[in-house]
Amino acid sequence: MKLPVIKHLTSFIEENDQDYVLETIETLEALTEVPSLKDEELDVIGELISNMYGAIEVDKMIKEGAPKKDALNNFMKRVLGSIDK
């Protein structure tokens, strides 16, 4: 996951609507079923999906009252903490 990408997507959600991101996730997930995709292509799609789910989670924290900066930092701490385990 990349914090700058999640930050940008979070701004996109704030300016538009979360539904755009959710529909994009569905589209990308459907693309992963294409049998001719290479592993590298699947990795890129997976990274995009992960960042989009991250942005949705950060947006949820913001809507629950967390400042944007804190929501982003707390989300990344959770991600890094789960990787360390």
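Is Asp17 buried, partly exposed or exposed? Asp17 is partly exposed, at a relative accessible area of 35%, where buried means under 20%, exposed over 50% and partly exposed in between (1.4 Å probe, protein chains only). The structure is a predicted model, in which local features need pLDDT of at least 70 and side-chain atom pairs count only at pLDDT 80 or more, while totals for chains, interfaces and linings use all residues. Residues are numbered from 1 along each chain as its sequence is written, and side-chain values use heavy atoms, with hydrogens and water left out.

**Overall layout**

The chain has 4 helices and 0 strands, and its pattern along the sequence is α-α-α-α. Helices (H or I, at least four residues) and strands (E, at least two) are DSSP runs, numbered from the N terminus. The C-alpha atoms fill a box of roughly 45 × 35 × 15 Å along the principal axes. Of the 85 residues in the chain, 27% are buried.

**Nonpolar core**

A nonpolar core is a set of buried Ala, Val, Leu, Ile, Met, Phe, Trp, Tyr and Cys residues joined through side-chain atoms within 4.5 Å. The largest one holds 18 residues, and those touching the most other members are Ile6, Val21, Ile25, Met52, Val58 and Phe75. Two or more residues of this core come from each of H1, H2, helix H3 (39-63) and helix H4 (68-84). The biggest share is that of H3, with 7 residues.

**Salt bridges**

A salt bridge is a side-chain nitrogen of Lys or Arg within 4 Å of a carboxyl oxygen of Asp or Glu. By this rule there are 3 salt bridges, set out below.

| Pair | Closest N to O distance |
|---|---|
| Glu14 and Lys68 | 3.7 Å |
| Glu57 and Arg78 | 3.6 Å |
| Lys63 and Asp59 | 3.0 Å |

The salt bridge between Glu14 and Lys68 ties together parts that are 54 residues apart in sequence, because Glu14 lies in helix H1 and Lys68 in helix H4. Both partners are partly exposed: Glu14 has 41% relative accessibility and Lys68 has 25%.

In the salt bridge of Glu57 with Arg78, distant parts of the chain are linked, with Glu57 in helix H3 and Arg78 in helix H4, 21 residues apart. Glu57 is partly exposed at 25%, and Arg78 is partly exposed at 47%.

Lys63 and Asp59 are 4 residues apart in helix H3, so about one helical turn separates them. Lys63 counts as exposed, at 62% relative accessibility, whereas Asp59 is buried, with a relative accessible area of 3%.

**Surface charge and the place of Asp17**

Asp17 sits in the loop between helix H1 (3-15) and helix H2 (18-31). With Asp19, Glu23, Glu26, Glu29 and Glu33, Asp17 forms a patch of negative charge on the surface. Patches are made of residues with over 30% relative accessible area and no salt bridge, with like charges joined within 9 Å and nonpolar side chains (Val, Leu, Ile, Met, Phe, Trp, Tyr) within 5 Å.

**Leu80 and Leu3**

Leu80 belongs to helix H4 and is partly exposed, with a relative accessible area of 49%. Leu80 and Leu3 are 77 residues apart along the chain, and their C-alpha atoms are separated by 11 Å.

Definitions and conventions: Accessible areas come from the Shrake-Rupley method with a 1.4 Å probe; for residues, only the protein chains shown count as cover. Lys and Arg count as positive and Asp and Glu as negative; His and the chain ends are not counted. The place of a charge is taken as NZ of Lys, CZ of Arg, CG of Asp or CD of Glu.
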